[in-house]
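Here is a structure to read closely. Each label in it should earn its place.

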Amino acid sequence: MAEIVLKDIHKYYGTQHVLKGVSFEIYEDTVTGLIGKNGAGKTTLFKIISGAEGFEKGELMMARGRRVGVLDQIPEYAPGTTVYKVLDSAFSEVYELRDKLRELSQKMAVDNSPQVMKQYGEILQEYEARGGYTIETSIRKVCNGLGIDKEMQERKFSDLSGGEKTRVNLARIILADADILLLDEPTNHLDINAVEWLEEYLASFGGTVIVISHDRYFLDRITERIIEIEDGQAYTYEGNYSKYALLKEQRKIEQLKHYEQEQKKIKQLEAAVKRMHDWARRADNPKLHKRAFSMEKRLERMQKNATPRPRTERKLSKAFRTDDFTGTEVLSIKGIKKSFEGRVILDDINLLVRNGDRVALLGNNGAGKTTLLKIILGYLAPDAGMVKTGPSVKTAYLPQVVEFKEPELTILETIQRELKIDEGSARNLLAGFKFTGEDVFKAVGKLSGGEKSRLKLCLLMQKG
Ligand SMILES: Nc1ncnc2c1ncn2[C@@H]1O[C@H](COP(=O)(O)OP(=O)(O)OP(=O)(O)O)[C@@H](O)[C@H]1O
Ligand SMILES: [Mg+2]
């Protein structure tokens, strides 16, 4: 049975027509992968399905009484919120039921009419069904699975590492006991253990899942259908990611064949029209001219309805500037130690990086990878040890979650201000990073997650 149905959904942000008639059906108890380029409208679709955003045209239908749980791409909570509070917020509806029960029991003390008793009984049943008596046990169970220990539960959510935040949020929506899970890039910051746990969880989860991901291996393991958002529309493919890639390639080859055949016909017709006009002129024959004109009309129609040439994606083709660098020793780290509130995060880290080295920093969620980067950059002071960078070394830092100081500035303004260049150069540069046409007038604060990273990368590569 279809649980979620979207029919011809149109969505605008200002003048940007993001979704141009999206239609698809999601069947009960299936796992669907939602894919598409950065800025295609995937997160927007989640917001529409969960009711956080409206839309201009079309229909959205959802099976009755379903609870939707959303894992946001970039989650936010009020400052100071502890991890336990975040987890506990999964039960806000259950707490409402509890309050109602209290109210009713007070009422029953003075009025034991059958209606009140009946209402009490019904709510009590729901309270029990929603796990009202087992909240703490549930929290403990899920936290065990996701490696969220007691100590972490008392920490502030905002202090957590990227992967720890994702884990806590996953725990929260699992605890909320939703029927439909909307997961927006859940594996982004997760370490291998947590990804494996999530895969197992999804395999045993009885409900419906839609997951946005750019991780094809993850998608391959968990999805049975793929929906791709492309040019504002949705295309459904049965099967996992590999199957999708195959079908898509086939479609592209067919489209190319079709395109080439059509173009050949158009060329033939063009030549025929020219010939006909030529004859008509030479023979001064108005009838022939008329025929040529009607052929021309046919040609125009064909050109208008022609299959577009299948596109090959332009790759980002920029490189970091390394012009002024001459040294050999880029970075040397000796005996770095760092603790947070008595917790030892880094204990005696040593590293030497030479010119041309490419170093990957691996480790479990919360191991201290970002902390080490921040120490290297000088954003954080180590408790012991030292960091030395070569004399002409310039650093560029792309954080896990990209933010801009002035979110209301447009892409173009941001680039021009930061790099102090004229509009023409800024536009040229941006085109190399796939921001073209009207794109450059979007406010940077409104960009999708991937678009923000791309823009930041553009700035970093230029500043060096
Ligand atoms: N609140 C908003 N106001 C204006 N434009 C927006 C807003 N939210 C999103 N957009 C724009 O709508 C488009 C779709 O954004 P969306 O976040 O849905 O993309 P996405 O497919 O999730 O991309 P990503 O893979 O980068 O997460 C983008 O071009 C984005 O800049
Ligand atoms: Mg997104």
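The questions below set some labels against their definitions.

This is a predicted model, where local features need pLDDT of at least 70, side-chain atom pairs count only at pLDDT 80 or more, and totals for chains, interfaces and linings use all residues. Residues are numbered from 1 along each chain as its sequence is written, chains are lettered from A and ligands numbered from 1 in the order in which they are written, and side-chain values use heavy atoms, with hydrogens and water left out.

Q: How do you know that strand 1 and strand 2 pair?
A: Strands are DSSP runs of E with at least two residues, helices are runs of H or I with at least four, and both are numbered from the N terminus. Two strands pair if DSSP finds at least two bridges between them. Strand 1 (residues 2-13) and strand 2 have nine bridges, so they pair, in the antiparallel sense. One partnership is Y13 with Q16 of strand 2.

Q: What lies between the two strands of this hairpin, strand 1 and strand 2?
A: Two residues lie between them. G14 in the turn has a positive phi of about 60°.

Q: What makes strand 4 a partner of strand 1?
A: Five bridges join strand 1 to strand 4 (residues 57-62), again antiparallel. L6 has L60 as its bridge partner in strand 4.

Q: Why are strand 11 and strand 12 called edges?
A: The open sheet has the order 11-10-12, with antiparallel pairing. Strand 11 (343-354) and strand 12 (384-389) each have a single partner strand, so one side of each is left without a neighbour in the sheet.

Q: How do you know that helix 12 packs on the sheet?
A: Contact means heavy atoms within 4.5 Å. Helix 12 (residues 369-377) touches strand 10, strand 11 and strand 12.

Q: What makes the link between T43 and ligand 1 a polar contact?
A: A polar contact is a pair of N or O atoms within 3.5 Å; within protein, one must be able to donate a hydrogen and the other to accept it, and residues adjacent in sequence count only if both atoms are side-chain atoms. An N or O atom in the side chain of T43 is 2.7 Å from an oxygen atom of ligand 1, so the pair qualifies. A polar side-chain atom of Q16 lies 3.1 Å from a ligand 1 oxygen. For A40, a backbone N or O atom lies 3.2 Å from an oxygen atom of ligand 1.

Note on methods. Axes fitted to C-alpha atoms, helices over the stretch in contact; angles between N-to-C directions.
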